[in-house]
Amino acid sequence: LIPFVMVCLQLQVPTVALGPALLVIQRETGLDGVAAGALTSIPVLCFAVLTPVASRIVGKIGVTRAMTLASLAVGAGVVLRSAGPVPALFAGSVVLGAAIAVVNIAIPTLVTRRYRHRALLMNGIQTASTNIGSAVSAAVSAPLVALLGWQLGLGVWSIASFVAAAVWWVSTRAERERAAFEAAAEVAASAALASAEAEPAG
């Protein structure tokens, strides 16, 4: 349960943390109001545009791997966004927005498959965790930016995503090993069947 909560906690942190830092970013980078508005809208646009792609990604690589890789990508997007130059601001926002879209698809899929008998509870935990993460980042972002500057003040939030990815990956080790064993057994059984069919009768 804790790994699930950690993934949900970090989900909206990078987007919410940007708001209190936006005026500082505009002042130091020269972004005008239109560009700043576009910057804050990128994650929402990514979710709207990339949801079909995110669904295919989750279906192709599996929920466990998708949540791990997407959480890592959120952290990487935060780091890139905090690199400094204006192009990095937008590129990082696109990366983390796309990654959040994947996690937003992976979580309901996970709840449906693994927690279907506790779906309401898990959906409530997801909502509460996401709201807590958003509230903390909204409250702490401005003081962090004032203390550390906007680049480091926003960049530190990548830690939440990297930790969530690591904890989730470790917690699902048994599941991955079981899936690998089942896949290997299936391949071995198919090979044995093919070999038996290839032998001449009698």
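How are α3 and α5 oriented to each other? They are oblique. Their axes cross at roughly 40 degrees and come within 7 Å. An angle of that size is neither under 35 degrees nor in the span from 65 to 115, so the pair counts as oblique. This is a predicted model.

**Overall make-up**

The protein chain has nine helices and zero strands. Its pattern along the sequence reads α-α-α-α-α-α-α-α-α. The chain has 202 residues, and 39% of them count as buried. Contacts reach far along the sequence. Among contacts with a separation of 6 or more, 78% join residues 24 or more positions apart.

**Helix pairs**

Three helix pairs are set out here.

| Helix pair | Axes come within | Crossing angle | Citation |
|---|---|---|---|
| α1 and α6 | 7 Å | roughly 45 degrees | |
| α2 and α3 | 11 Å | roughly 165 degrees | |
| α3 and α5 | 7 Å | roughly 40 degrees | |

Take α3 and α5 again. α3 passes α5 in a right-handed crossing. The residues of this contact divide into 20 nonpolar, six polar and no charged.

Ala54 belongs to helix α3. It touches Ala101, Val102 and Ile105, leaving aside residues up to four places away in sequence. Ala54 and Ala101 are 47 residues apart along the chain, yet their C-alpha atoms are separated by 6.4 Å. Is Ala54 buried or exposed? Its relative accessible area is 1%, so Ala54 is buried; the cut-off for buried is under 20%.

Next come α2 and α3. Helix α2 covers residues 13-29, and helix α3 covers residues 33-61. Their axes cross at roughly 165 degrees, which makes α2 roughly antiparallel to α3. The cut-off for that class is over 145 degrees. The crossing of α2 past α3 is right-handed. On the α2 side, the contact is made by Thr15, Leu18, Leu22 and Gln26. On the α3 side, it is made by Gly33, Ala36, Leu39, Thr40 and Pro43. By class, the contact of α2 with α3 has five nonpolar, four polar and no charged residues.

The pair α1 and α6 crosses at roughly 45 degrees. These two helices are therefore oblique to each other. α1 passes α6 in a right-handed crossing. From α1, the contact is made by Phe4, Val5, Cys8 and Leu9. From α6, it is made by Met122, Ile125, Gln126, Ser129, Thr130, Ile132 and Gly133. Seven of the contact residues of α1 with α6 are nonpolar, four are polar and none is charged.

**The aromatic pair**

How many aromatic pairs does the structure hold? It holds one. Phe4 and Tyr115 form this pair, and it is edge-to-face. The ring centres lie 6.2 Å apart, with 65 degrees between the planes. The pair links distant parts of the chain. Phe4 sits in helix α1 (residues 2-9). Tyr115 sits in the loop between α5 (86-114) and α6. The two are 111 residues apart. Both rings belong to buried residues. Phe4 counts as buried because its relative accessibility is 1%. Tyr115 counts as buried because its relative accessibility is 12%. Phe4 also takes part in the contact of α1 with α6.

**Ser134 on α6**

Ser134 is found in helix α6, which covers residues 119-148. Is Ser134 buried or exposed? With a relative accessible area of 17%, Ser134 is buried. Leaving aside residues up to four places away in sequence, Ser134 touches Gln12 and Val16.

**Trp150 on α7**

Trp150 has its place in helix α7 (residues 150-155). Its relative accessibility is 3%, so Trp150 counts as buried. Which residues does Trp150 touch, not counting residues up to four places away in sequence? They are Val24, Ile25, Glu28, Thr29, Arg81, Ser82, Gly84, Leu89 and Val145. Trp150 and Ala21 are 129 residues apart in sequence. In space they are 6.2 Å apart, C-alpha to C-alpha.

Technical notes:
Residues numbered from 1 in each chain as written. Predicted model: local features only at pLDDT ≥ 70, side-chain atom pairs only at ≥ 80, totals over all residues. Heavy atoms only, no water. Helix = DSSP H or I, 4+ residues; strand = E, 2+ residues; numbered from the N terminus. Buried < 20%, exposed > 50% of the residue type's maximum accessible area, 1.4 Å probe, protein only. Contact = heavy atoms within 4.5 Å. Phe/Tyr/Trp six-rings, centres within 6.5 Å; stacked < 30°, edge-to-face > 60°. Axes fitted to C-alpha atoms, helices over the stretch in contact; angles between N-to-C directions. Left-handed = near helix turned anticlockwise from the far one by under 90°. Nonpolar A, V, L, I, M, F, W, Y, C, P; charged D, E, K, R; others polar.
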